[in-house]
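Below is a short report on one structure. It covers a helix pair and the surfaces near two DNA strands.

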There are 2 protein chains.
Amino acid sequence: MPSTHLDSTFAALADPTRRAILARLALGEASVAELGEPFAMSQPAISKHLKVLELAGLISRGRDAQRRPCRIEAAPLAEANAWLERYRQLWEQRFDALDALLADMKAAEKTARKSRPRRKS
Amino acid sequence: MPSTHLDSTFAALADPTRRAILARLALGEASVAELGEPFAMSQPAISKHLKVLELAGLISRGRDAQRRPCRIEAAPLAEANAWLERYRQLWEQRFDALDALLADMKAAEKTARKSRPRRKS
DNA sequence: ACATTTCATAACCATTGAGTTATGTAACAG
DNA sequence: CTGTTACATAACTCAATGGTTATGAAATGT
């Protein structure tokens, strides 16, 4: 309903090869051959991954003689991040709760020592 | 290489139905029927989506009579967020660069009016 | 004991995804 | 023109996804 490309973005990020390619591209432009070098995989397989990334808007490609240098495009990543942000409190309040719990325990311990040193469960 | 469950997490998030389910669960626990109500989809289809979310660790399920209340588990979301954070500069430096450019233009305009149009480094 | 509610599982189907090999093509070098 | 480099596309295999209908099973109500 929100009419975004979150589908293709998350789908693209679901593959470790593609995440690794993005990690490489975060360091700067690279050719198809360079991108494929770390992987035990045929060249067309890499081209397919790049096409997925391109369709998701995560990379764009230029021309340099016979090479097709790829560069990362961060906009979809920003969108994905924005989506996740809506849930940030969900994993942060966990720690808040833990903090509160620890504080309670400390307080209880203090109280226990001040008055009667009994019970601890 | 990082040996995380980013694959299943991002794959789970790639489906709009599942994202909607998570959005609903962010508001609190819900039964399977409640979760499926907004969708024009059979009940087994919803159960399948819930299984995907469960296997990805994004939800957990309890027991309340015949109902199986689902609750959201944010840990995988935090992991996904952490992964994306590594690329934050990529979409923030864009705006930084834009800001810098605009600042430069403003400065240049002022300078141009004050003295002659000088080059900057 | 029996029916109902709530959900899960099984079996099936169509589509997509990730990989392969083989082949085509654009740009350059001789 | 010929060959080479760097990449894309085609055609195929196989497994996984996302949906369906039909059926099974656990807890509850009567």
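## Helix pair in chain B

H2(B) and H4(B) are roughly perpendicular to each other (the term covers angles of 65 to 115 degrees). Their axes cross at roughly 75° and come within 10 Å. Axes are lines fitted to C-alpha atoms, for helices over the stretch in contact, with angles from 0 to 180 degrees between N-to-C directions. Helices are DSSP runs (H or I, at least four residues), numbered from the N terminus.

This is a predicted model: local features need pLDDT of at least 70, side-chain atom pairs count only at pLDDT 80 or more, and totals for chains, interfaces and linings use all residues. Residues are numbered from 1 along each chain as its sequence is written, while chains are lettered from A and ligands numbered from 1 in the order in which they are written.

Thr17(B), Arg18(B) and Ile21(B) of H2(B) meet His49(B), Val52(B) and Leu53(B) of H4(B) (contact: C-beta atoms, placed from the backbone, within 7 Å). By class, this contact has 3 nonpolar, 2 polar and 1 charged residues. Nonpolar means Ala, Val, Leu, Ile, Met, Phe, Trp, Tyr, Cys and Pro; charged means Asp, Glu, Lys and Arg; the others, Gly among them, are polar.

## Surfaces near the DNA

A residue is near a strand if its C-beta atom, placed from the backbone, lies within 6 Å of it.

| DNA strand | Class counts of nearby residues |
|---|---|
| C | 10 nonpolar, 8 polar, 5 charged residues |
| D | 10 nonpolar, 8 polar, 4 charged residues |

Strand C has 23 residues around it, the closest including Ser42(A) and Ser31(B). H4(A) gives the most to that surface, with 5 residues. Around strand D there are 22 residues, and Ser31(A) and Ala45(B) are among the nearest. There H4(B) gives the most, with 5 residues.

How values were computed: Helices (H or I, at least four residues) and strands (E, at least two) are DSSP runs, numbered from the N terminus. Angles under 35 degrees count as roughly parallel, over 145 as roughly antiparallel, 65 to 115 as roughly perpendicular and the rest as oblique. Two residues are in contact if their C-beta atoms, placed from the backbone, lie within 7 Å.
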